[in-house]
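Here's a quick tour of a protein model, written for someone who likes to know the cut-offs behind each term. Have a look at the structure first.

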Amino acid sequence: MCDQRQLGLLLHDAIQIPRQLGEVAAFGGSNIEPSVRSCFQQNNNKPEISVKEFIDWMHLEPQSMVWLPVLHRVAAAETAKHQAKCNICKECPIVGF
């Protein structure tokens with residue numbers, strides 16, 4: 001179970017990743033209070049939420065956490081191999097972006 005203070009601390013810590021990358025503004029800024037409020041409103045303003053309720057809320061991709069699936073997709077794309085040849089350097093296959 002998690003209360004509003006604990007969720008706020010979790011989101012504050014999690015948002016440090018885009019902050020360190022200089023991308024915090026692109027993902028909703030550093031104010032996590034709207035996200036905490038959104039999560040608890042989604043769950044009828046109960047004093048605590050369960051792990052399942054938190055995960056259901058995360059599936060809605062709240063603004064303060066939308067960077068997480070983006071980062072996952074970027075990391076997955078770094079090792080993708082494309083069976084194509086670069087017109088400039090003639091590298092084949094092209095790996096990543």
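What follows goes from the overall build to one helix pair and then to a few single residues.

This is a predicted model, in which local features need pLDDT of at least 70, side-chain atom pairs count only at pLDDT 80 or more, and totals for chains, interfaces and linings use all residues. Residues are numbered from 1 along each chain as its sequence is written, and side-chain values use heavy atoms, with hydrogens and water left out.

**Overall build**

The protein has five helices and two strands, and along the sequence they come in the pattern α-α-α-α-α-β-β. These elements are DSSP runs, numbered from the N terminus: H or I with at least four residues for a helix, E with at least two for a strand.

How does the radius of gyration compare with that of a compact globule of 97 residues? The protein has 18 Å, whereas such a globule would be near 13 Å. The radius is taken over C-alpha atoms, and the globule rule is 2.2 Å times the number of residues to the power 0.38. Along the principal axes, the C-alpha atoms fill a box of roughly 60 × 25 × 15 Å.

As for burial, 27% of the 97 residues count as buried. Here buried means under 20% relative accessible area, exposed means over 50%, and partly exposed is in between (1.4 Å probe, protein chains only). Among contacts with a separation of 6 or more, 43% come from residues 24 or more positions apart; a contact means heavy atoms within 4.5 Å.

**The α1 and α3 pair**

Two packed helices are described by the angle between their axes and the distance between the axes. For helix α1 (residues 4-14) and helix α3 (residues 33-42), the angle is about 135° and the axes are 9 Å apart. That makes α1 oblique to α3, since angles under 35 degrees count as roughly parallel, over 145 as roughly antiparallel, 65 to 115 as roughly perpendicular and the rest as oblique. The axes are lines fitted to C-alpha atoms over the stretch in contact, and the angles run from 0 to 180 degrees between N-to-C directions.

Which residues meet between α1 and α3? On the α1 side they are Gln-4, Leu-7, Gly-8 and Leu-11, and on the α3 side Ser-35, Val-36, Cys-39 and Phe-40. The residues of this contact split into five nonpolar, three polar and no charged.

**Single residues**

Here are four residues with their places and accessibilities.

| Residue | Place | Relative accessible area |
|---|---|---|
| Arg-5 | helix α1 | 57%, exposed |
| Asn-44 | loop between α3 and α4 | 68%, exposed |
| Glu-53 | helix α4 (residues 51-58) | 16%, buried |
| Glu-61 | loop between α4 and α5 (67-77) | 42%, partly exposed |

Leaving aside neighbours within four places in sequence, Glu-53 is in contact with Asn-43, Lys-46 and Glu-48. Arg-5 and Pro-62 are 57 residues apart along the chain, and their C-alpha atoms are separated by 17 Å.

Now for some backbone details. Asn-44 is not a glycine, yet it has a positive phi of about 60°. Glu-61, also not a glycine, has a positive phi of about 50°. Finally, a cis peptide bond joins Cys-92 and Pro-93, with omega about 0°; Pro-93 sits in the loop between β1 (81-82) and β2 (94-95).

How values were computed
Ala, Val, Leu, Ile, Met, Phe, Trp, Tyr, Cys and Pro count as nonpolar, Asp, Glu, Lys and Arg as charged, and the others, Gly among them, as polar.
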